[in-house]
Amino acid sequence: MNPLTTSAPAERAARIPAAERPAAAQHPTGRRTTPSSGGRYARLVHLAGRDFLPVAFVARLPLAMLTVGALTLATAVSGSYVVGGLASGAVGIGSALGGPLMGHLADRLGQRIVLLVSALAHAVAIGLLLVTAHAPAGPAAPPVPLLVGASLLVGATCPQVGPLARVRWRGLVGGNRRELDTALSYESTADELTFVLGPALVGLLASLVAPWSPFVLAAVLTLTMVTSFAVHPTRLAVPALSREDRRLAAARPVPGRERLLVLLPVLGMVAMGAFFGAVQNGLNAFGGELGVQSATGLLYAVLGISSAAAALSVAWWPERFRPAARWVVSSAAMAALSLLFLLPSGIGAMLVVLLLAGLPLGPAMVTIYTIGGDVARPERLGTVMTMLASGVVLGSAVGAALAGLLAETAGHRGAFAAAVGAACAMVLVSAVLALLRRR
């Protein structure tokens, strides 16, 4: 821990192993906690409070709904898949650009004020997008540049709940590595589940109500649940820096090796995102060749469920299995299993491949977030966590675009070859980091 981010009494308490803490210890958030006998994940409830897990879970749903929601809305109002793709891509780019800025401001000013302002700005941006989408420039089409610009603003203002929740967990668990692994395993599982549930909600609401209805729900969730997350007592585990502390932190030089150690996990997340984007487009091409393109979302959900289940297992991995080694092993398994995507010719075989290929993904993501937090300076933890999340978004756009080009010429196997390449890039990045950490 760093004196810039925690008080001396809290730091000393964080160094006490969980098993040796008193029955009723004073927590950095000010609440009284007691050890849990219900298992490692039950311990998270005692650390953060009963309401934190559901609040943080629902608060991240809007981000999971935006990309597919923009694609659905823009396509419906314009009648053009190209415009839908531009709007969806603009949301992703906006999120990738706005996320690190939001994390940087949270490091400097504290999470509460940044989340409250971003929640309000995001709701306004959603309103602007809906107005733009239903203000036609001609007989049948809205102004495309304004539609894309509004989509960009929606992505840029979306509150970064997942990354900032991970920052809070580091403050809540102190120096307890086992509890940190458990918390980050849960967070990766929550991310996976929301990115399965979010698009499903969009499809359900768009088909039963109207293409604009998912955005109304996203705005309501943002104003209510993100606000609840912003003011939750767990924010006290990550106090804002004073003006003097910010000046001292800015004056500290950052060696090149330290910059590289932060950059490598970000590159790893870009590779992970590229893998996701390529697989999604590969499944789209695969379903199209079999005449079941509408099943793409369901097939992709199988990968997410497998990944989420495997992420939970990290809480029980031995502590001597260090994060750098975990990343190399997970990446190698990811690369090896990705080759299986080149084999199936039917739905049944593809389901088996998706279940197997998803197994190393969750542990790899948990590990990358762990390493990113380990190498980041405490006063820049929010910035690094949001950079990691933005890396996934950026990589997903790159992977989807590359896979789409390859699918045009080589079918679904060409698209899946892009996923294999992304997994191999992950192996290379993890190996470089392992060598640097060893030295």
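**View 1. How much of the protein is tucked away.** Buried residues, meaning those under 20% relative accessible area (over 50% is exposed, anything in between is partly exposed, with a 1.4 Å probe and protein chains only), make up 52% of the 439 residues here. Keep in mind that this is a predicted model, where local features need pLDDT of at least 70, side-chain atom pairs count only at pLDDT 80 or more, and totals for chains, interfaces and linings use all residues. Residues are numbered from 1 along each chain as its sequence is written, and side-chain values use heavy atoms, with hydrogens and water left out. The protein has 17 helices and two strands, where helices (H or I, at least four residues) and strands (E, at least two) are DSSP runs numbered from the N terminus. About 18300 Å² of the protein is exposed, and carbon and sulfur atoms supply 70% of that; these areas come from the Shrake-Rupley method with a 1.4 Å probe, and for residues only the protein chains shown count as cover. Now look at contacts, which are heavy atoms within 4.5 Å. Of the contacts with a separation of 6 or more, 81% are between residues 24 or more positions apart.

**View 2. A nonpolar patch on the surface.** Which residues make the nonpolar surface patch? They are L204, L208, V209, W212, V216 and V220, and together they give about 560 Å². To be in a patch, a residue needs over 30% relative accessible area and no salt bridge; nonpolar side chains (Val, Leu, Ile, Met, Phe, Trp, Tyr) are joined within 5 Å, and like charges within 9 Å. Helices α9 (177-208) and α10 (213-231) each chip in at least two residues. W212 sits in the loop between α9 and α10, and W212 is partly exposed, at 38% relative accessible area.

**View 3. A cluster of phenylalanine rings.** Seven aromatic pairs turn up in the whole structure. One of them is F275 with F276, an edge-to-face pair with 6.3 Å centre to centre and 65 degrees between the planes. The rule is that rings of Phe, Tyr and Trp (its six-membered ring) pair if their centres lie within 6.5 Å; planes under 30 degrees apart are stacked, over 60 edge-to-face, and the rest tilted. F275 counts as buried at 0% relative accessibility, and F276 is buried too, at 9%. Ring pairs also link F275 and F276 with F341 and F416 in a cluster.

**View 4. R166 and its neighbours.** Is R166, a residue of helix α8, buried or exposed? R166 counts as buried, because its relative accessibility is 1%. Leaving out residues up to four places away in sequence, R166 touches L184, E187, S188, D191, Y369 and M385. The charged end of R166 sits over the ring of Y369, 3.7 Å from the ring centre. For that label, NZ of Lys or CZ of Arg must be within 6 Å of the ring centre and within 35 degrees of the ring normal. Elsewhere, R168 lies over the face of F229, at 3.9 Å from the ring centre.

**View 5. Salt bridges across the chain.** Side chains of opposite charge can pair when their charged atoms come close. A salt bridge is a side-chain nitrogen of Lys or Arg within 4 Å of a carboxyl oxygen of Asp or Glu, and the structure holds eight of them. In one, D374 meets R170, with the closest N and O atoms 3.1 Å apart. D374 is in helix α16 (residues 361-375) and R170 in helix α8 (residues 161-173), so this pair ties together parts 204 residues apart in sequence. D374 is partly exposed at 27%, while R170 is buried at 14%.

**View 6. Another two salt bridges.** D181 and R326 meet at 3.4 Å, N to O. This pair links distant parts of the chain: D181 is in helix α9 and R326 in helix α14 (residues 323-338), 145 residues apart. Both D181 and R326 are buried. E258 and R377 also form a salt bridge, at 2.7 Å, N to O. Since E258 lies in helix α12 (residues 256-290) and R377 in the loop between α16 and α17 (381-438), the pair ties together parts 119 residues apart in sequence. R377 is buried, with a relative accessible area of 10%. Finally, salt bridges that share partners join R60, R166, E187 and D191 into one network.
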